[in-house]
Amino acid sequence: AAVLQRRRHRVAKAAAGTAPPARATPVAAQAEGPFGDPRLVIPGRSPAPFLVGLGLAVAFLGLVFGAWLTIAGGIVALIGARTWIAEVMRESRVID
């Protein structure tokens, strides 16, 4: 309840124009990348992690329903892992 009262008070002050001025963001926090660190870069979009997960799920289903499903899931997982590793290597060369 106290938290809601403080929040309402802050909102009311901001609406009335009596709120204190916003603090400037430090230069370090404005840097690119997560957590303001330019060395850390969020990787691009990729279907590779999904393929690895899907392949492993199908491979484990193959333990119940037959070896052919395990082989098919393993192939999909290996293709996804290979693609994922290739993308990581490509992105690490671009960053360095």
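The protein has three helices and zero strands. From the N terminus on, the order of elements is α-α-α. The model is predicted, with a mean pLDDT of 77 for the protein. Of its 96 residues, 14% are buried. This briefing centres on helix α2, which covers residues 48-65.

**Confidence**

- In the protein, 53% of the residues reach a pLDDT of 70 or more.
- Confidence is highest in α2, at a mean of 95.
- Helix α1, residues 2-16, has the lowest confidence, with a mean of 66.

**The length of α2**

- Helix α2 has 18 residues.
- At 1.5 Å a residue, α2 should span 26 Å.
- The C-alpha atoms at its ends lie 25 Å apart, which agrees with that expected span.
- Just after α2 comes G66, which takes a positive phi of about 145 degrees.

**The buried face of α2**

- Which residues of α2 are buried? They are A48, V52, G55, A59 and G62.
- Seen down the helix axis, the buried residues of α2 fall within an arc of 80 degrees, so they line one face of the helix.
- A48 has a relative accessibility of 0%, so this residue counts as buried.
- A59 is buried too, because its relative accessible area is 14% and the cut-off for buried is under 20%.

**The exposed face of α2**

- Turned away from the buried side, the other face of α2 carries the exposed residues F50, F60, V64 and F65.
- F60 is exposed because its relative accessible area is 56%, and exposed means over 50%.
- F60 also belongs to a nonpolar surface patch of about 680 Å².
- The residues that make this patch are L56, F60, L61, L63, V64 and F65.
- V64 and F65 thus appear both on the exposed face and in the nonpolar patch.

**Partly exposed residues of α2**

- A57 sits in α2. Its relative accessibility is 41%, so A57 counts as partly exposed.
- V58 is placed in α2 as well. Its relative accessible area is 23%, which makes V58 partly exposed.
- Both values fall between the cut-offs of 20% and 50% that bound the partly exposed class.

**From α2 to residues further along the chain**

- How far apart in space are A59 and G74, C-alpha to C-alpha? The distance is 5.7 Å, and the two are 15 residues apart in sequence.
- A57 can be paired with G74 too: 17 residues separate them along the chain, and their C-alpha atoms are 9.3 Å apart.
- V58 and L69 are eleven residues apart along the chain, with 6.5 Å between their C-alpha atoms.
- A48 and V76 are 28 residues apart in sequence, and the C-alpha to C-alpha distance is 9.9 Å.

**In brief**

- The protein runs α-α-α, and confidence is highest in α2.
- Helix α2 has a buried side that includes A48 and A59, and the face turned away from that side carries exposed residues, among them F50 and F60.

Note on methods: Residues numbered from 1 in each chain as written. Predicted model: local features only at pLDDT ≥ 70, side-chain atom pairs only at ≥ 80, totals over all residues. Heavy atoms only, no water. Helix = DSSP H or I, 4+ residues; strand = E, 2+ residues; numbered from the N terminus. Buried < 20%, exposed > 50% of the residue type's maximum accessible area, 1.4 Å probe, protein only. Expected span 1.5 Å × (residues − 1). Arc of directions from axis to C-beta. Patch = residues over 30% accessible without salt bridge, like charges linked within 9 Å, V, L, I, M, F, W, Y side chains within 5 Å. Areas by Shrake-Rupley, 256 points an atom, 1.4 Å probe, with all protein chains shown as cover. Salt bridge = Lys/Arg side-chain N within 4 Å of Asp/Glu carboxyl O. pLDDT = per-residue confidence, 0-100.
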